[in-house]
Amino acid sequence: MLKKIKTEDLVLGMYFSGFEAAWLDHPFWKNKFLLKSDSELRQAHASGIPYCWIDTERGLDVDEADDGGDGGDELPAQDEASVVPELPDLPPGPDIDTTLMDAVALRETAKKATKAMFSEARLGKALDMERCVTVVEEIAGAVLQSPNGTLSVLRLKMADEYTYLHSVAVCALMVALGRTLGLDENACREAGLGGFLHDVGKAFLSHELLNKPGKLTDEEFSQVKKHPELGYKYLSLDPNVPDYARDVCLHHHEKMDGNGYPDALRSGQISLYARMAAICDVYDALTSDRPYKRAWDPAEAISSMASWNGHFDRAMFLAFVKTLGIYPVGSIVKLESGRTGFVIRQNAQDLTRPVLKVFRYNDNMEMSDTEILDLMATPEADTIVARGGEEWARLSHLDTMQLLSTGTPA
Ligand SMILES: [Fe+2]
Ligand SMILES: [Fe+2]
């Protein structure tokens, strides 16, 4: 039975069945689920949405003894709803470190699947659509469960893993951006599939060309620019590949001002998923190590992309920033206290106040004074004064997984 209660009265063990708000405005991917982790509960309480619905048949009710009737869809009296029922014996929800470990495992599985897809394409074998759909489902599931942790782990890659993990990361970013744009789950998965397949045409380019450490010659660049058409041609051989996925493959390098390739399409001529892919693709490329450049700080990448007039769909780019934050997870920031902060989580209510792992470091890159600082909960504790800039380059060799975890580094 559905019952409307105050959001502040939600407790673990209740079956959450939706907020009294548009889906886009609330912090959860799913509209209905059993509340079993502290982080979900905290997110709900911090949502600022006054009322929500619970299903009392699938989870805990507010205190039955004090509930003078079935309540139905009616708002219970304040004292009834504020009684905290005894908690059931539930398994603990995933904490950030568990999420990271899950994301690392997913990264490995997805990398293998992508590697297989590329080598099969190279050998002229048909695409294994079933495997692609399964991988995309898994990535989408992880993104919806824990967008920050999943996206930050999937962004990490060694230069030689780029071709494969880039497809995985773009898939995940597409799902996350789709969610911010208010697409339904099915459409988010479609966008994810488009992202996963977008660069399959690179399977037909040589390893040397794709991994050349220096600047490409004009001739080499025109070879690389053929990958959207090569991919489209390959995907068109299989009638099971949906049109939208072929379109993302063909048009992810188009620009809003008509200066992209291969068809020099302009704004409205570019499909929704292809416009999404253009943003996710560039962001992942900028924030990855490549043979010819170091990865950029995620916050630097966001800031630079914001200044590229005519490249991206402006409204969609703003949704992308809303998805990742002004200081995306993995960014380095400088604090007023002189300490350095590594962004480990966003606060959806204020993108300028993320949760940081704060530390000092010496010339030997040994960290000290490490603590977790939530700039939203304790704004007086410190303030971000700048993006990491050159500090990112110095610190990016540190064990990012260690920085992302909430544990204190050894
Ligand atoms: Fe591409
Ligand atoms: Fe790409």
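**Figure 1. A264, an exposed loop residue in a predicted model.** A264 counts as exposed because 12 C-beta neighbours lie inside 10 Å; the cut-off for exposed is 12 or fewer. The residue sits in the loop between α11 and α12 (272–286). E254 is ten residues away from A264 along the chain, and the two C-alpha atoms are separated by 6.2 Å.

**Figure 2. Helix α11 and its cover.** A245, V248, C249, L250 and H251 are the buried residues of α11. Among the elements covering them are α7 (185–197), α10 (227–236) and α12. Helix α11 spans residues 243–251 and has the highest confidence in the chain, at a mean pLDDT of 98.

**Figure 3. The largest nonpolar core.** This core holds 79 residues. I139, A172, L173, M174 and V175 have the most contacts inside it. Helix α6 (residues 162–180) gives the most to the core, with twelve residues. Domain 2 (96–324) and domain 3 (332–404) both supply residues, so the core lies between them. In soluble globular proteins, nonpolar side chains tend to be buried together.

**Figure 4. Contacts of A172 and a second core.** Neighbours within four places in sequence are left aside here. A172 is then in contact with I139, V143, T150, L151 and L154. A second core is separate and has twelve residues. Its members include I5, L35, A44 and L60.

**Figure 5. The five-stranded sheet.** The sheet is open, with strand order β8-β7-β6-β5-β9 and antiparallel pairing. β8 (367–374) and β9 (384–387) stand at the edges. Each has a single partner strand, so one side of each is left without a neighbour in the sheet. Neighbouring strands are turned by 35° against each other on average, direction ignored.

**Figure 6. The pairing of β5 with β6.** Strand β5 covers residues 332–335 and strand β6 covers residues 340–345. The two run antiparallel and are joined by three bridges. V333 has G341 of β6 as its bridge partner.

**Figure 7. The four-stranded sheet.** This sheet is also open and antiparallel, in the order β1-β4-β2-β3. Its edge strands are β1 (2–6) and β3 (33–34), and each pairs on one side only. Inside the sheet order, β2 (residues 15–19) and β4 (residues 51–55) run antiparallel, joined by two bridges. F16 stands opposite I54 in β4.

**Figure 8. Helix α2 and the low-confidence stretch.** Helix α2 (residues 78–81) has the lowest confidence in the chain, at a mean of 33. The pLDDT is below 50 over residues 65–93. Beyond near neighbours in sequence, this stretch has 45 contacts in the model. Where pLDDT is low, the predicted coordinates should not be read in detail.

**Figure 9. The whole chain, for orientation.** The chain contains 16 helices and nine strands. Of its 410 residues, 38% are buried. Among contacts between residues at least 6 apart in sequence, 66% join residues at least 24 apart. The mean pLDDT of the chain is 83, and 83% of residues reach 70 or more.

Methods: Residues numbered from 1 in each chain as written. Chains lettered and ligands numbered in written order. Predicted model: local features only at pLDDT ≥ 70, side-chain atom pairs only at ≥ 80, totals over all residues. Buried ≥ 20, exposed ≤ 12 C-beta atoms within 10 Å, placed from the backbone. Contact = placed C-beta atoms within 7 Å. pLDDT = per-residue confidence, 0-100. Pairing = 2+ DSSP bridges. Axes fitted to C-alpha atoms, helices over the stretch in contact; angles between N-to-C directions. Core = buried A, V, L, I, M, F, W, Y, C linked by C-beta atoms within 7 Å. Domains from an automatic or database assignment.
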